Amino acid sequence: MLDPAVLRRTLSTALRTGGEFAEVFVEDKRTSSARLDDGRVEELTSGRDRGAGIRVVVGDTTGFAHTSDLSEQGLEQAAGAAAAAARSGGGGVRTVALTPTSARRPYEPRIAPEDVAKPRKVDLLLRADHAARSASGAGAVKQVSAAYVDAHRRIQVANSDGLLAADDVVRTRFGVTAVAVGDTGMQTGYEAVARSMGFEIFDDVDVDEVAAKATARALAKLAARPAPSGKVPVVIAAGRGAVLFHEACGHGLEADHIEKRSSVYHGRVGEMVASPHVTLVDDGTMGSEWGAFAIDDEGRPAQRNVLIENGMLTDYMWDFLRSRKAARPSSGNGRRQSYQDLPMVRMTNTYLLGGTEDADEIVRQTPHGVYVASMGGGQVTPATGDFVFGMTEAYLIEDGEITHPLRDANLIGNGPAVLRNIDAVAGDFAMASSGGMCGKNGQSVPVGMGQPTLRITGVTVGGTAR
Amino acid sequence: MTELLELASRVAGWARDGEQVEAYVSRRSDTDVVIYGGEIESLSSATSEGVGVRVLASGRQGFAYAGSLDPSVVEETLAEARDNAGFGTPDEHLGLAGPEGVAAAELDLWRDDLASFPTQAKIDLALELERRVRAGDPRISAVESSNYGDGASESAVASSTGIAATTRRTGCHVSAYALAGEGDETQTGGGYSVGRSPADLDIGEAATDAVERSTRLLGARKPPSARVTVVLDNRVATTLLAVLAGTLNGESVLKGRSLFANRVGEEVAAGAVSLVEDPTNPDAYGASAYDAEGLACRPVVLISDGVLQGFVYNTHAGRRAGVPSTGSAVRAGFKSAPGVGCRALSLAPGTESQAEIMARIGEGLLVQGVSGVHSGVNPVSGDFSVGAEGLMIRDGELAEPVREITVASTIQRMLRDVVAVGNDVTWLPGSAAGVTLAIAGMSMSGA
């Protein structure tokens with residue numbers, strides 16, 4: 001990465017017109033991917049993105065510029081542009097002393113993706129294709145696609161407070177989609193694994209199993225009925241159901257929404273905002289989980305932050321700018337998609353702690369409802385708390401038993417209302433295997449999630465059955 | 001731009017015997033202004049560039065990209081694409097596009113006045129928009145953000161098979177997202193205006209839209225579940241058409257994951273539905289003279305009076321299907337190899353205005369916003385379930401606002417259940433035009 005002396009001089013240029021704060025964010029990211037579809041390995045792709053983003057803060061205004069030219073001249077130009085954008089008067093020269101700090105990496109990857117021979121990546125795809133097509137009942141499987149993706153991202157952050165920090169994260173993801181055809185038409189099943197790990201992820205992850213799960217999901221749905229329409233009790237299986245908390249309250253607890261009062265959780269620290277069963281944590285330090293890292297994209301160490309404790313709101317998530325205004329430390333939640341973007345408050349790995357009940361018993365004590373075994377993505381309007389999320393594998397619950405599979409549909413609810421209506425939480429906590437990509441203001445970053453099996457007394461299911 | 005084409009042609013010229021090479025290079029300059037509380041929250045301005053190289057050899061394809069046009073980086077990128085081409089599965093239908101004699105439309109998508117528009121004027125536009133939204137209604141409690149953004153992009157694609165094409169375009173927008181409050185309640189709504197140059201922007205329209213969309217939801221309730229006729233306003237209909245585009249993609253059809261495979265010539269929609277993909281329409285936001293492989297874009301009729309006519313193809317999918325490319329190769333910038341997609345879908349307009357449609361159907365639901373489209377719409381099975389907010393229609397007129405509901409059906413049924421297409425075709429950001437669309441018999445889930 002860049003020489004600290006160059007970074008120091010670039011920061012001085014950025015501050016020359018009177019900026020109060022300046023930051024240089026350097027990124028070097030290599031990605032590789034391989035895709036199989038329709039029985040063929042269609043293509044291998046390699047990518048390289050390298051550059052720096054420079055921001056200068058004056059009062060409440062941030063000026064930002066980025067460059068793919070990492071020569072000192074290129075950096076000086078970007079620093080000048082960012083300073084001009086921040087439009088200040090001031091003047092004077094400020095020198096910055098950079099003190100390297102190190103944060104412990106939550107996980108040390110063992111096999112860097114660039115050291116893996118390409119045929120090994122191709123082999124994973126072919127194996128998954130074979131497994132999906134030879135799984136039990138796979139006669140109905142008409143199409144399989146699989147994708148392998150890795151990213152090796154090195155970052156370096158230097159700022160005028162003297163911070164100098166670096167991180168190096170490897171992420172690997174493998175996903176399979178199966179399409180099955182039956183009398184009722186086509187259905188899809190998807191399964192993925194995603195970790196902040198190197199190629200050694202495949203020591204633990206069996207791609208045959210990933211493929212078999214995708215196939216089983218598509219096949220189950222061939223017999224699916226339309227989902228109910230209207231408000232019903234919903235039991236959500238452990239793991240990926242946590243997208244519910246990501247949407248229902250995670251986004252609303254981001255300090256940028258709080259500062260602008262565009263969150264239903266504004267001004268409510270210390271209040272009960274959820275049922276006492278709910279303890280919600282956002283944790284960037286979680287080993288090899290998908291949303292983990294050593295430092296955030298502003299150079300702050302990742303942290304474990306308890307947001308809601310036994311139903312009471314304890315804190316929000318913070319990035320550097322918002323925490324500075326609030327005169328408190330950042331919580332390590334400043335993240336950005338790339339050097340071309342400004343950081344903002346983002347989640348890392350968000351999860352609900354386990355309770356004491358038995359997952360099967362929760363289902364048995366639900367006379368009628370919907371059991372959501374797997375979930376897709378979601379979306380929320382933080383200002384109102386209204387959110388949706390998609391069920392990609394769901395079943396009816398009849399007389400306390402899981403019965404017929406249901407077709408895909410969205411659920412819709414209101415964050416604070418849903419959090420209050422959680423009446424049972426099991427002890428079977430699990431992180432979602434697949435992680436996810438969270439979009440906000442056009443930027444997408446990897447996030448992890450987890451929760452135990454739980455029940456909500458009433459959520460609106462958007463199906464078509466009467 | 002000549003410089004970009006020269007670079008792309010130079011890379012294509014490095015093809016070895018038995019190899020085909022395509023280079024796509026692009027450069028763009030963007031400015032983004034975010035205003036909050038009468039102050040500039042952020043101002044960014046940057047130029048970015050990159051190259052994507054595709055190499056075909058022995059019936060196999062490899063791809064590599066880099067976010068730089070530095071000569072040594074471009075050479076490395078070609079080497080990496082070449083290496084990647086060694087590992088795919090051979091495919092007899094692979095092959096780069098070549099000249100085919102179809103003339104490209106003359107489209108003027110570039111405005112010089114964008115480059116000379118001063119930064120201060122950009123800031124002033126966003127400030128003025130925020131001011132107008134705040135002043136638009138006493139119930140507007142805040143403007144979460146007011147933005148001005150613009151971009152000028154140039155790209156060139158060249159291949160060892162004789163392709164040499166350039167495109168360039170400018171675009172800009174203003175947008176505001178408003179919060180409206182009454183008592184303890186808050187509702188939100190956004191408005192925007194887009195154009196090729198700042199002269200096209202209508203601040204008043206964007207402000208009015210943000211104010212109306214946020215305030216008219218105040219007092220919204222969750223209605224009981226029911227089966228209703230749904231009127232999609234033009235922004236929402238755009239989203240629906242974009243979903244439909246995925247199912248009319250020749251590649252999906254070949255791979256057996258389109259609802260419409262083997263149905264050409266069949267009636268798949270109500271007679272009022274005629275759907276055309278036409279990137280040569282200069283009014284379209286996605287208008288383009290050339291596709292992502294450098295072939296001329298052209299109009300493609302997909303559905304005519306409810307009858308399915310065909311699909312869109314790029315060169316590879318076309319070869320596999322035994323038909324010519326429809327000039328429908330698309331790519332997500334230099335970071336991806338060309339796929340297949342639509343750029344400019346539009347429904348043939350009907351004769352009625354939105355008000356006339358509502359008057360005719362009498363009872364129903366006007367949907368002004370949807371959410372969860374990525375999680376609730378399955379383009380393979382056709383299942384369609386999205387979060388919605390809007391207003392009930394009673395006696396042909398707008399009545400009480402509703403929220404926290406979903407509307408659901410299947411893509412197949414929705415096409416058949418279209419009862420009206422409005423006369424208000426409007427080009428909006430994205431790959432499709434907006435037009436009021438009324439669909440009978442959708443499930444509205446509420447309390």
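**Exercise 1. Find which residue of chain B forms a salt bridge with Asp38(A), and locate both residues.**

Step 1. In this predicted model, Asp38(A) forms a salt bridge with Arg320(B), and the closest N and O atoms are 2.7 Å apart.

Step 2. The pair crosses between chains. Asp38(A) sits in the loop between strand 1 (21-37) and strand 2 of chain A, while Arg320(B) belongs to helix 7 (residues 315-321) of chain B.

Step 3. The distance can be checked against the cut-off: a salt bridge needs a side-chain nitrogen of Lys or Arg within 4 Å of a carboxyl oxygen of Asp or Glu.

**Exercise 2. Count the salt bridges over all chains, then those between chain A and chain B, and give another pair.**

Step 1. Searching the whole structure gives 65 salt bridges over all chains.

Step 2. Between chain A and chain B the count is 12.

Step 3. Another salt bridge joins the side chains of Asp386(A) and Arg403(B), at 2.7 Å from N to O.

Step 4. For polar contacts between chain A and chain B, the count is 46 residue pairs, with both residues at pLDDT 80 or more.

**Exercise 3. Describe the side of chain A that touches chain B by element and by residue class.**

Step 1. Strand 2 (residues 40-58) of chain A gives the most to this side, with 10 residues.

Step 2. By class, the residues of this side divide into 18 nonpolar, 31 polar and 19 charged.

**Exercise 4. State how many residues are in contact between chain A and chain B, and how much area the two chains bury.**

Step 1. On the chain A side, 68 residues are in contact with 74 residues of chain B.

Step 2. The two chains bury about 5500 Å² between them. Carbon and sulfur atoms carry 46% of that area.

Step 3. Within chain A, the residues that lose the most area to chain B are Arg40(A), Met186(A) and Lys260(A). Together these three make up 12% of what that side buries.

**Exercise 5. Determine how many cavities of 30 Å³ or more the structure holds, and describe the lining of the largest cavity.**

Step 1. The structure holds 3 cavities of 30 Å³ or more.

Step 2. The largest cavity contains about 120 Å³ of space.

Step 3. Its lining includes Leu240(B), Val273(B), Leu347(B), Met414(B) and Ile439(B).

Step 4. Helix 5 (234-247), helix 10 (411-416) and strand 20 (437-445) of chain B each supply at least two lining residues. Helix 5 of chain B has the largest share, 4 residues.

Step 5. Sorted by class, this lining has 12 nonpolar, no polar and no charged residues.

**Exercise 6. Repeat the description for the second largest cavity.**

Step 1. The second largest cavity holds about 80 Å³ of space.

Step 2. It is lined by 13 residues, of which Pro106(A), Tyr107(A), Asp168(A), Val169(A) and Ser196(A) are the closest to its centre.

Step 3. The class split of this lining is 8 nonpolar, 2 polar and 3 charged residues.

Methods
Residues are numbered from 1 along each chain as its sequence is written. Chains are lettered from A and ligands numbered from 1 in the order in which they are written. This is a predicted model: local features need pLDDT of at least 70, side-chain atom pairs count only at pLDDT 80 or more; totals for chains, interfaces and linings use all residues. Side-chain values use heavy atoms; hydrogens and water are left out. On a 1 Å grid over the protein atoms alone, a cavity is a set of points where a 1.4 Å probe fits but cannot get out, and a pocket is an open set with protein on both sides within 12 Å along at least five of seven lines; lining residues have an atom within 4 Å of a point. Grid points are joined across faces, edges and corners, and a volume is the space filled by probe spheres set on the points. Ala, Val, Leu, Ile, Met, Phe, Trp, Tyr, Cys and Pro count as nonpolar, Asp, Glu, Lys and Arg as charged, and the others, Gly among them, as polar. Contact means heavy atoms within 4.5 Å. Buried area is the accessible area (1.4 Å probe) that two parts lose on being put together, summed over both. A polar contact is a pair of N or O atoms within 3.5 Å; within protein, one must be able to donate a hydrogen and the other to accept it, and residues adjacent in sequence count only if both atoms are side-chain atoms.
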